[in-house]
Amino acid sequence: MSAPAVDAGMRQRAVPPRSRVPLSSSAAWQRFVSPLVIVVVWQIASATGLLPERLLASPLKILTTAAGLVQEGVLPEAIAVSLQRAAIGFALGAVAGIGLALVAGLSRVGENAVDPPLQMLRALPLFGLIPLFILWFGIGEIPKVALVALGVLFPLYLNTFSGIRGVDGRLAEVARVLRLSRTETVTQIVLPGALAQTLVGLRQSLGVAWLALIVAEQINADAGLGYMINNAREFLRTDVVVVGLIVYAILGLLTDAVVRLLERRALSWRQNFLSR
């Protein structure tokens with residue numbers, strides 16, 4: 001091979017793949033341009049009277065209201081109540097969803113026993129169960145937590161079940177060669193193999209949890225973000241309503257970011273493999 005050909009080949013290999021080139025800082029800032037433009041237009045429309053405050057408060061008004069709610073302690077207290085409801089409901093739904101997925105995913109008998117009733121329940125509208133929950137549990141905390149738990153259950157169940165059934169069958173042969181017990185096979189092969197799909201279900205279930213909580217807290221609640229929003233609606237306080245919605249959005253983004261961080265840590269081997 002001639003020297004020019006060798007040099008050309010070396011230059012071609014030296015060029016990094018396009019997918020590995022990091023985004024420049026200017027490209028990253030471009031993602032913030034359109035939201036900033038929307039906020040500016042929103043503020044101008046409110047200041048000029050094109051957007052009446054009774055329909056939607058201005059961004060400056062919303063910031064002022066948020067600061068006042070924080071100073072009064074109203075917003076931190078509402079966030080604490082909502083976080084408690086979301087945490088309890090999510091924990092109950094996650095345990096039930098993953099547990100039922102293990103029962104259904106690890107045996108045909110378990111699948112025939114668990115999957116049909118769960119698929120029937122999944123076909124029901126989640127928020128249509130609210131009147132029934134109120135009749136069963138009253139108007140206290142139980143129906144709100146139960147609604148969140150039921151919303152969390154199905155995404156985790158479906159994704160974990162799919163992950164378990166998607167584990168490579170050749171790994172079962174490896175387990176038999178290594179003479180692993182049933183418990184060791186499940187904990188060392190099946191569950192790690194289904195982890196990626198389970199984390200996808202975890203992200204989906206968190207989104208459903210916050211959506212269910214928004215609806216649940218606006219029905220016969222006396223505390224929480226939903227109660228604050230519903231109370232502000234009666235007094236036409238659109239600034240308070242928007243503050244509550246923004247807090248819901250921030251909490252949803254934060255919890256999703258936590259799961260994404262967990263996913264990067266738990267599946268770091270996959271990223272290292274793909275980077276080769």
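Is Ser162 buried, partly exposed or exposed? Select Ser162 to begin the tour of this predicted model. Its relative accessibility is 38%, so Ser162 counts as partly exposed. The residue belongs to helix α8. Add Gln197 to the selection: the C-alpha atoms of Ser162 and Gln197 are 7.3 Å apart, although 35 residues separate the two in sequence.

**The whole chain**

Now display the complete chain in cartoon form. It contains 13 helices and zero strands, and its pattern along the sequence reads α-α-α-α-α-α-α-α-α-α-α-α-α. Colouring by accessibility is useful at this stage: 33% of the 276 residues count as buried.

**α8 against α10**

Next, select residues 141–165, which form α8, together with residues 182–217, which form helix α10. Two packed helices are described by the angle between their axes and the distance between the axes. For α8 and α10 the angle is about 155 degrees, and the axes lie 7 Å apart. An angle over 145 degrees counts as roughly antiparallel, and α8 and α10 are therefore roughly antiparallel to each other. The crossing of α8 with α10 is right-handed. Colour this contact by residue class to find 15 nonpolar, eleven polar and one charged residues.

**α7 against α8**

Keep α8 on display and add α7, residues 130–137. The axes of α7 and α8 cross at roughly 135 degrees and come within 9 Å. α7 and α8 are therefore oblique to each other. As α7 passes α8, the crossing is right-handed.

**The cavity**

With α7 and α8 still in view, turn to the interior space. How many cavities of 30 Å³ or more does a search of the whole structure find? The search finds one. The volume of the largest cavity is about 100 Å³. To show its lining, select Ile130, Phe133, Ile134, Gly138, Ile139, Pro143, Lys144, Leu147, Ala216, Ile219 and Asn220. The elements that contribute two or more residues to this lining are α7 and α8. By class, the lining of the largest cavity comprises eight nonpolar, two polar and one charged residues.

**The largest pocket**

Then move to the largest pocket, whose volume is about 310 Å³. Its lining consists of 18 residues, and those closest to the pocket centre are Leu106, Ala172, Arg182, Thr185 and Val190; select these five as sticks. Which helices each supply at least two residues of the lining of the largest pocket? They are α8, α9 (170–177) and α10. The largest share, five residues, is that of α10. When the lining of the largest pocket is coloured by class, ten residues are nonpolar, four polar and four charged.

**Leu236**

For the final stop, select Leu236, located in the loop between α11 (225–234) and α12 (238–266). Leu236 is not a glycine, yet its phi is positive, at about 60 degrees. Is the residue buried or exposed? Its relative accessible area is 64%, so Leu236 is exposed.

Technical notes
Residues numbered from 1 in each chain as written. Predicted model: local features only at pLDDT ≥ 70, side-chain atom pairs only at ≥ 80, totals over all residues. Heavy atoms only, no water. 1 Å grid on protein atoms, 1.4 Å probe; cavity = no way out; pocket = protein on both sides within 12 Å on 5 of 7 lines; lining within 4 Å. Points joined across faces, edges and corners; volume = space filled by probe spheres on them. Helix = DSSP H or I, 4+ residues; strand = E, 2+ residues; numbered from the N terminus. Nonpolar A, V, L, I, M, F, W, Y, C, P; charged D, E, K, R; others polar. Axes fitted to C-alpha atoms, helices over the stretch in contact; angles between N-to-C directions. Parallel < 35°, antiparallel > 145°, perpendicular 65-115°, else oblique. Left-handed = near helix turned anticlockwise from the far one by under 90°. Buried < 20%, exposed > 50% of the residue type's maximum accessible area, 1.4 Å probe, protein only.
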